[in-house]
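Please find below my note on the structure, set out as numbered points for discussion.

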Amino acid sequence: MRKYVLSSSILAADFSKLGQEVLETVQAGAEYIHVDIMDGHFVPSLSLGFPVMKSIRPVTDKVFDVHLMISNPQDYIEQFAKDGADIITIHLETTKQPEVLLSRIKELGCKAGLAINPETPVDAIKPYLSIPDMVLVMTVHPGFGGQKYIDECTEKVVEVRKLLDEVNP
């Protein structure tokens with residue numbers, strides 16, 4: 001039986017009261033706190049960094065699901081793990097050696113996630129599907145909130161789920 005988890009993104013929070021909004025999210029039933037990290041390089045937007053995540057970590061013991069939409073994630077995963085990430089997700093498009101980064105994330109005591117952009121074919125992640133604890137199929141373009149869902153991605157989600165059931169349930 002599959003378990004579904006609500007992972008609420010703090011990207012839409014009022015940052016002037018971020019800790020309070022994280023608590024309200026948890027009280028409303030979120031099991032994971034989704035932390036979007038954007039660097040202005042891999043995606044055009046900038047968002048949270050180490051100090052912000054570290055400052056809200058003491059607010060809750062819920063899972064911090066950290067989504068790195070950044071270039072050179074290998075330079076940052078250790079610090080995010082140190083600052084309280086429970087899951088660290090990297091984008092396939094940001095590395096030539098995803099297996100190395102996913103393994104390193106696990107060595108640091110975190111669960112490892114692998115994300116793909118809407119344009120990336122599912123075949124691109126097939127060689128790595130035995131490694132991650134989670135796969136994130138982006139159904140919008142990374143880097144911007146409030147986008148319209150890309151309907152074609154639904155089929156990609158179904159395809160990835162089938163592959164995972166075979167390789168890494």
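The points that follow concern a predicted model, beginning with its strands and continuing to two of its helices and its cysteines.

1. Strand 3 (residues 63–69) merits attention at the outset. Of its 7 residues, 6 are buried, so the strand is largely enclosed by the rest of the structure.

2. On one side of the pairing scheme, strand 3 is joined to strand 2 (residues 32–38) in the parallel sense, over 7 bridges. Within this pairing, M38 has M69 of strand 3 as its bridge partner. The two strands also belong, together with helix 2 (residues 50–56), to a right-handed β-α-β unit.

3. Strand 3 pairs with strand 4 (residues 87–91) as well, again in the parallel sense, here over 3 bridges. H67 has T89 of strand 4 as its bridge partner. Helix 3 (residues 77–82) combines with strand 3 and strand 4 in a right-handed β-α-β unit.

4. Helix 4 (residues 98–107) has four buried residues to consider: P98, L101, L102 and I105. These residues cover an arc of only 100 degrees around the axis, which puts them on the same side of helix 4. The general basis is that an α-helix has 3.6 residues a turn, so residues three or four places apart point the same way. The partners against which the buried residues of helix 4 pack are helix 3, strand 4 and strand 5. After helix 4 comes G109, with a positive phi near 90 degrees.

5. How far apart are the end C-alpha atoms of helix 5 (residues 153–167)? The distance is 21 Å, which agrees with the 21 Å that its 15 residues should span at 1.5 Å a residue.

6. The buried residues of helix 5 are C153, K156, V160, L163 and L164. They lie on the same side of the helix, because the arc they cover around the axis is only 100 degrees. This buried set packs against strand 5 (111–116) and strand 6 (134–137). By contrast, the face turned away from the buried side of helix 5 carries the exposed residues E155, K162 and E166.

7. The cysteines deserve a separate remark. C110 has a relative accessible area of 6% and is therefore buried. C153 counts as buried too, since its relative accessibility is 2%. A search covering the whole structure returns 0 disulfides.

Terms used
Residues numbered from 1 in each chain as written. Predicted model: local features only at pLDDT ≥ 70, side-chain atom pairs only at ≥ 80, totals over all residues. Heavy atoms only, no water. Expected span 1.5 Å × (residues − 1). Buried < 20%, exposed > 50% of the residue type's maximum accessible area, 1.4 Å probe, protein only. Arc of directions from axis to C-beta. Contact = heavy atoms within 4.5 Å. Disulfide = S-S within 2.5 Å. Pairing = 2+ DSSP bridges. Right-handed = clockwise from strand over helix to strand, strands pointing away.
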